[in-house]
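User: I would like a brisk question-and-answer pass over this model. Please give the cut-offs as the terms come up.

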Amino acid sequence: MKINYRTQGTCSSNIEIEVENDIITDVHFTGGCNGNLKGISSLVKGMKVDDVISRLEGIHCGNKSTSCPDQLCKALRAMKAFS
């Protein structure tokens, strides 16, 4: 399954995610902190969706109430609800 998720409250504006058999196969962020988001994308590839959610959900960026990793979790939860 492949989804595009429009982020809210972060410097990145969109996340493209591919998941097969509950394993993340690809993640690409549009905008945001390029090096950090490439690192996050690389780290979550091969991980189970629920493991990523349990590790990254609720992370804040500075004084914002969310972050790019948190938005990734929101996208993964939306994808799970859709499937």
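**Cysteines, core, pocket and loops**

User: How many disulfides does the structure hold?
Analyst: This is a predicted model, where local features need pLDDT of at least 70, side-chain atom pairs count only at pLDDT 80 or more, and totals for chains, interfaces and linings use all residues. Residues are numbered from 1 along each chain as its sequence is written, and side-chain values use heavy atoms, with hydrogens and water left out. A disulfide is a pair of cysteine sulfur atoms within 2.5 Å. By that test, the number of disulfides is zero.

User: Which cysteine has the sulfur nearest to that of Cys68, and how far away is it?
Analyst: Cys68 is in no disulfide. Its side is buried or not by relative accessible area: under 20% is buried, over 50% exposed, and in between partly exposed (1.4 Å probe, protein chains only). Cys68 has 12% relative accessibility, so it counts as buried. The nearest cysteine sulfur is that of Cys11, at 6.5 Å.

User: Is Cys73 buried or exposed?
Analyst: Cys73 is in no disulfide either, and the nearest cysteine sulfur, that of Cys68, is 11 Å away. The relative accessibility of Cys73 is 0%, so Cys73 counts as buried.

User: Which helix gives the largest share of the largest nonpolar core?
Analyst: A nonpolar core is a set of buried Ala, Val, Leu, Ile, Met, Phe, Trp, Tyr and Cys residues joined through side-chain atoms within 4.5 Å. The largest one has 22 residues, and Ile17, Val44, Leu72 and Leu76 touch the most other members. At least two residues come from each of strands S1 (2–6), S2 (12–20) and S3 (23–31) and helices H1 (34–44), H2 (49–56) and H3 (68–82). The largest share, six residues, comes from H3.

User: How are the helices and strands assigned, and which residues does Val44 touch beyond four places in sequence?
Analyst: Helices (H or I, at least four residues) and strands (E, at least two) are DSSP runs, numbered from the N terminus. Contact means heavy atoms within 4.5 Å. Not counting residues up to four places away, Val44 touches Ile24, Val27, Val52, Leu56 and Leu72.

User: Where is Asn14, and is Asn14 buried or exposed?
Analyst: Asn14 is in strand S2. Outside four places in sequence, its contacts are Asn4, Tyr5, Arg6, Thr7, His28, Phe29 and Thr30. Its relative accessibility is 15%, so Asn14 counts as buried.

User: Which residues does Ser41 contact, leaving aside neighbours within four places?
Analyst: Ser41 lies in helix H1. At 6% relative accessibility, Ser41 counts as buried. Its C-alpha is 9.5 Å from that of Ile24, 17 residues apart along the chain. The contacts are Val27, His28 and Phe29.

User: How much space lies in the largest pocket?
Analyst: On a 1 Å grid over the protein atoms alone, a pocket is an open set of points where a 1.4 Å probe fits, with protein on both sides within 12 Å along at least five of seven lines. Grid points are joined across faces, edges and corners, and the volume is the space filled by probe spheres set on the points. For the largest pocket that gives about 150 Å³.

User: How do the lining residues of the largest pocket divide?
Analyst: Lining residues have an atom within 4 Å of a point. Among them are Cys11, Cys33, Cys61, Lys64 and Cys68, and H1 and H3 each supply at least two. Ala, Val, Leu, Ile, Met, Phe, Trp, Tyr, Cys and Pro count as nonpolar, Asp, Glu, Lys and Arg as charged, and the others, Gly among them, as polar. The split is six nonpolar, five polar and one charged.

User: What phi does Asp22 have?
Analyst: Asn21 is in the loop between S2 and S3, and so is Asp22. Asn21 is exposed at 77% relative accessibility, while Asp22 is partly exposed at 35%. Neither is a glycine, yet Asn21 has a positive phi of about 55 degrees and Asp22 one of about 70 degrees.

User: How far apart in space are Thr66 and Gly9, C-alpha to C-alpha?
Analyst: Thr66 lies in the loop between H2 and H3. Thr66 is buried, with a relative accessible area of 6%. Its contacts beyond four places in sequence include Gln8, Gly9 and Thr10. Thr66 and Gly9 are 57 residues apart in sequence, and their C-alpha separation is 6.6 Å.
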